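Q: Could we go through this structure together, one part at a time?

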Amino acid sequence: MPRTLMIAGALCFGLAMSAGVLRYQAQQGSMAQQISTMQQKSTAQAALLEGGLHLEAVEGVLVADVQVTSKKNRRFDVSVQAAEFGAPGIKVRCEWKRAVYLKRPAFSLALITGAGERMPAGTTIRAERLKSGDFVWVDERDLKVNGTLLLLARLRAAIAARFASALFAVAGRAGALAQALLLGVKDELDTEFKGLFQSAGCAHMLALSGQHLSIICTLAALAAKRVLHREKLARRASLVFAWFFVWLAGPGPSLLRAVFMLTAAEVGRMLDRPQSSFALLSLASLMLALFDPSSITSLSSIYSFAAMAGLVLFAGRFDYALRPYMPARISQAFAASCAAVCGTAPVSILVFGTFVPAGILAATIAAPVMLVFMWLGLGAGLIGVFLPIVASVSAPLLGTLQDVLLAILSFGAWLPALRTGLGMVDRALFCAGIVSIWVLIYAVPMLQWKKSRAQMQRMRLILPSISPWGGLSL
């Protein structure tokens with residue numbers, strides 16, 4: 001009875017949280033959608049006959065660093081604080097002043113502009129002469145910085161800029177890749193390079209995620225253990241460094257998921273209540289829904305949680321199946337790639353209609369190369385801030401590692417990919433076939449274990465053993 005009530009209570013709590021997230025997203029998106037609709041109807045005739053107003057300018061704060069789109073434009077995610085509307089002979093200005101106890105913006109608006117200056121989160125801007133279609137467009141000359149950054153935002157921008165310049169100096173021609181892997185900034189990365197990652201089924205390796213955070217935290221933990229000489233303090237120091245890295249690189253859904261899992265695991269150890277990996281993943285989803293409810297349903301968030309769920313469910317089973325045929329380290333790496341694909345394949349099929357089996361092989365081979373690249377880039381970047389001469393050694397090494405990585409990705413992109421039809425029915429059927437294979441992979445070891453256990457019980461009943469007193473006992 002208590003277990004049944006606990007499951008029912010968890011289900012009800014999850015449904016309530018989901019409803020709250022969807023309601024929040026609907027509130028955030030309704031105002032922006034109405035403004036976009038008004039923009040599309042903002043002709044002079046509509047303004048005169050229907051009394052319609054069109055959006056002329058907005059003022060607000062950037063909630064995230066400016067991102068570069070696939071077409072080399074720049075995307076500004078603005079928390080709107082004021083909006084100005086106009087019609088022939090009419091000017092209207094609306095301001096939203098947030099209460100002290102309610103730190104929540106009225107709504108968010110995405111603006112697209114051409115190539116220009118990269119602005120960090122926290123910048124106050126004013127965008128004028130807005131044009132609307134499929135998205136809200138603003139010319140670069142009509143985008144003005146309005147005000148100064150707050151202290152923490154200025155500090156973050158200064159540290160990120162200094163570290164980015166140090167990375168470019170110590171990495172040489174591999175500076176764009178080092179900046180993308182260690183800071184999540186892909187402005188300087190070639191479109192062809194990004195496409196190669198995607199064609200090889202390794203696009204997840206380019207985006208900052210828990211994999212990158214674990215590599216960085218491992219290096220921080222090793223350094224902290226050398227200094228502090230205590231495992232517990234070194235583990236907590238690496239957690240502090242993980243939060244610092246997330247703050248510096250920007251709190252994306254994948255990084256937040258990883259750092260929330262690390263935090264929940266450490267809190268569980270402190271309370272002498274260690275949690276399973278799946279429980280930590282569930283706690284991370286809850287914390288992300290509370291911290292950033294607008295991003296919990298984004299595609300990057302779904303990919304991140306799906307990949308982690310695949311690792312939790314299938315990594316051990318793949319490793320158990322592959323261990324007799326290959327060395328332990330190789331089987332673990334290959335099992336991790338297979339398990340991550342198990343989680344993300346249904347998402348990729350349903351959303352894009354593609355499945356890249358070569359990504360398993362390419363990711364397994366590329367993972368150690370990227371590991372060495374990130375460790376060398378991070379160490380050289382930190383040292384290069386104070387000793388720029390380290391670039392004479394690190395730049396050739398990082399350039400060679402980039403060439404090796406390009407060769408691996410080219411091989412992965414050369415291998416064929418599976419593509420389903422455009423219809424959702426075809427995608428759903430293909431996805432069902434893939435999922436049925438995953439279910440078999442998950443279920444077969446459990447069935448074998450149950451079968452062997454049943455055989456042992458029958459053997460114990462059939463073959464009696466001799467008791468210490470000379471009699472027979474079952």
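**Working through the model**

A: We may begin with helix 9, bearing in mind that the model is predicted. Helix 9 covers residues 253-270, which is 18 residues. From its first C-alpha to its last it reaches 26 Å, close to the 26 Å expected at 1.5 Å a residue.

Q: Is helix 9 largely enclosed or largely open, and why?
A: Helix 9 is largely enclosed by the rest of the structure, because 14 of its 18 residues are buried.

Q: What does the chain do just after helix 9?
A: D272 comes just after helix 9 and takes a positive phi of about 60°.

Q: Which residue forms a salt bridge with R236, then?
A: The partner of R236 is E266, and their closest N and O atoms are 3.2 Å apart. R236 lies in helix 8 (residues 231-249) and E266 in helix 9, so this pair ties together parts that are 30 residues apart in sequence.

Q: Are R236 and E266 buried or exposed?
A: R236 has a relative accessible area of 32%, so it is partly exposed. E266 has a relative accessible area of 3%, which means that it is buried.

Q: What other salt bridge does E266 form?
A: E266 also forms a salt bridge with R269, with the closest N and O atoms 3.3 Å apart. Both of these residues lie in helix 9, three residues apart, which is about one turn of the helix. R269 counts as partly exposed, at 46% relative accessibility.

Q: How many salt bridges does the structure hold?
A: The structure holds 18 salt bridges. Some of the charged residues are linked in a network, among them E59, E84, R126 and D142. R93 and E95 also belong to that network, and these two form a salt bridge whose closest N and O atoms are 2.8 Å apart.

Q: And how exposed are R93 and E95?
A: Both are partly exposed: E95 is at 46% relative accessibility, and R93 has a relative accessible area of 39%.

Q: Changing topic: how many helices and strands does the chain have?
A: The chain has 15 helices and 13 strands. Of its 474 residues, 39% are buried.

Q: How far apart in sequence are the residues that make contacts?
A: Taking contacts between residues at least 6 apart in sequence, 68% join residues at least 24 apart.

Q: What about the nonpolar residues inside?
A: In soluble globular proteins, nonpolar side chains tend to be buried together. Here the largest nonpolar core has 64 residues. Those with the most contacts inside this core include L177, F197, F373 and L405.

Q: Which residues is L405 in contact with?
A: Leaving aside neighbours within four places in sequence, L405 is in contact with L177, F197, A366, V369 and M370. There is also a second, separate core of 19 residues, which includes L55, F85, L111 and V138.

Q: L177 has come up twice; which helix holds it?
A: L177 is one of the buried residues in helix 4. Helix 4 covers residues 175-183, and nine of its nine residues are buried, so it is largely enclosed by the rest of the structure. The helix is followed by G184, whose phi is positive, near 75°.

Q: Now the outside: how much area does the chain expose?
A: The chain exposes about 26900 Å², and carbon and sulfur atoms supply 66% of that. One nonpolar surface patch, of about 430 Å², is made by L299, L350, V351, F352 and M424.

Q: Which helix gives the most to the nonpolar patch?
A: That is helix 12 (residues 328-352), which gives three residues. F352 lies in this helix. At 45% relative accessibility, F352 counts as partly exposed.

Q: Where does T354 lie, and is it buried or exposed?
A: T354 lies in strand 10 (residues 354-355). With a relative accessible area of 18%, T354 is buried, because buried means under 20%.

Q: What does T354 touch?
A: Not counting residues up to four places away in sequence, T354 touches S348, I349, L418 and R419.

How values were computed: Residues are numbered from 1 along each chain as its sequence is written. This is a predicted model: local features need pLDDT of at least 70, side-chain atom pairs count only at pLDDT 80 or more; totals for chains, interfaces and linings use all residues. Side-chain values use heavy atoms; hydrogens and water are left out. Helices (H or I, at least four residues) and strands (E, at least two) are DSSP runs, numbered from the N terminus. The expected span of a helix is 1.5 Å times one less than its number of residues. Buried means under 20% relative accessible area, exposed over 50%, partly exposed in between (1.4 Å probe, protein chains only). Contact means heavy atoms within 4.5 Å. Accessible areas come from the Shrake-Rupley method with a 1.4 Å probe; for residues, only the protein chains shown count as cover. A nonpolar core is a set of buried Ala, Val, Leu, Ile, Met, Phe, Trp, Tyr and Cys residues joined through side-chain atoms within 4.5 Å. Patches are made of residues with over 30% relative accessible area and no salt bridge: like charges are joined within 9 Å, nonpolar side chains (Val, Leu, Ile, Met, Phe, Trp, Tyr) within 5 Å. A salt bridge is a side-chain nitrogen of Lys or Arg within 4 Å of a carboxyl oxygen of Asp or Glu.
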